[in-house]
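Visitor: I've got the sequence and the model open side by side. Could you walk me through what's worth looking at?

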Amino acid sequence: MDQGLAAQAVQDQNAAAEGKVVFTIPADDVGGNAAIASFRDEMSAQFGAEAAEKLLKGLHHRAYFGSFGRANIRIELSEAPGSGNGIQTMIIYKTTDPETGDLVNGGGGPLKEQESFSKAMGKATYDRILAAQAAISVSK
């Protein structure tokens with residue numbers, strides 16, 4: 001799932017031209033079925049098909065990052081005052097319903113403290129965001 005999410009992440013080039021790091025990951029155009037199928041396959045391989053099906057029956061999609069492919073995701077890095085006189089990079093995300101545009105959930109915090117965020121969206125996506133940040137920092 002990690003590589004698939006990273007492949008879907010699109011950097012906003014208009015924001016990049018302004019020195020900002022913004023990525024969007026569109027909702028799965030088949031309602032999250034690809035993400036669920038991948039998750040089912042991974043759970044079946046680990047715990048068996050019956051256990052995977054039981055798990056999926058109790059899954060509340062909106063409680064998970066990107067609603068398992070059912071929501072649009074927007075990720076932005078920004079700078080904010082840090083401890084002392086320093087500046088820290090913040091990562092802010094929001095997920096929205098692709099049909100209504102309504103906010104599903106969101107959050108964020110200091111980038112250096114976002115190990116859980118890296119796990120939620122996958123290391124490959126996280127690495128793309130960090131590479132984009134580095135590229136913009138070099139061009140400033």
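Guide: Sure, and keep in mind that this is a predicted model. Let's start with a salt bridge: the side chains of Glu53 and Arg40 meet, with N to O at 2.6 Å.

Visitor: How many residues apart in sequence are the parts that Glu53 and Arg40 tie together?

Guide: Look at where each partner sits: Glu53 belongs to helix 4 (residues 49-57), while Arg40 belongs to helix 3 (residues 33-47). The pair therefore links parts of the chain whose separation in sequence is 13 residues.

Visitor: Is Glu53 buried, exposed or partly exposed?

Guide: Buried means under 20% relative accessible area and exposed means over 50%. Glu53 comes in at 33% relative accessibility, so the label is partly exposed.

Visitor: What separates Glu50 and Lys54 in helix 4?

Guide: Those two side chains also meet in a salt bridge, at 3.5 Å from N to O, and both residues are exposed. They're four residues apart in helix 4, so the separation is about one helical turn.

Visitor: Over to the sheet. Which strands stand at the edges?

Guide: The sheet is open, with five strands in the order 1-2-3-4-5 and antiparallel pairing. An edge strand here has a single partner, so one of its sides is left without a neighbour in the sheet. That describes strand 1 (10-11) and strand 5.

Visitor: Which residue in the turn between strand 4 and strand 5 has a positive phi?

Guide: Strand 4 and strand 5 pair in the antiparallel sense over seven bridges. They form a hairpin with six residues between them. The one in that turn with a positive phi, about 80°, is Gly101.

Visitor: And which backbone nitrogen does the Asp97 side chain reach?

Guide: Asp97 is in the loop between strand 4 (87-96) and strand 5 (103-110). Its relative accessibility is 17%, so Asp97 counts as buried. At 3.1 Å, the Asp97 side chain reaches the backbone nitrogen of Thr100.

Visitor: Last one: where does the largest share of the largest nonpolar core come from?

Guide: That core has 15 residues, and those with the most contacts inside it are Val21, Phe23, Ile75, Leu77 and Ile129. Strand 2 (21-25), strand 3 (72-81), strand 4 and helix 6 (123-139) each supply at least two of its residues. The largest share is four residues, and it comes from helix 6.

Technical notes
Residues numbered from 1 in each chain as written. Predicted model: local features only at pLDDT ≥ 70, side-chain atom pairs only at ≥ 80, totals over all residues. Heavy atoms only, no water. Buried < 20%, exposed > 50% of the residue type's maximum accessible area, 1.4 Å probe, protein only. Polar contact = N/O pair within 3.5 Å; in protein donor to acceptor, adjacent residues only side chain to side chain. Core = buried A, V, L, I, M, F, W, Y, C linked by side-chain atoms within 4.5 Å. Pairing = 2+ DSSP bridges. Salt bridge = Lys/Arg side-chain N within 4 Å of Asp/Glu carboxyl O.
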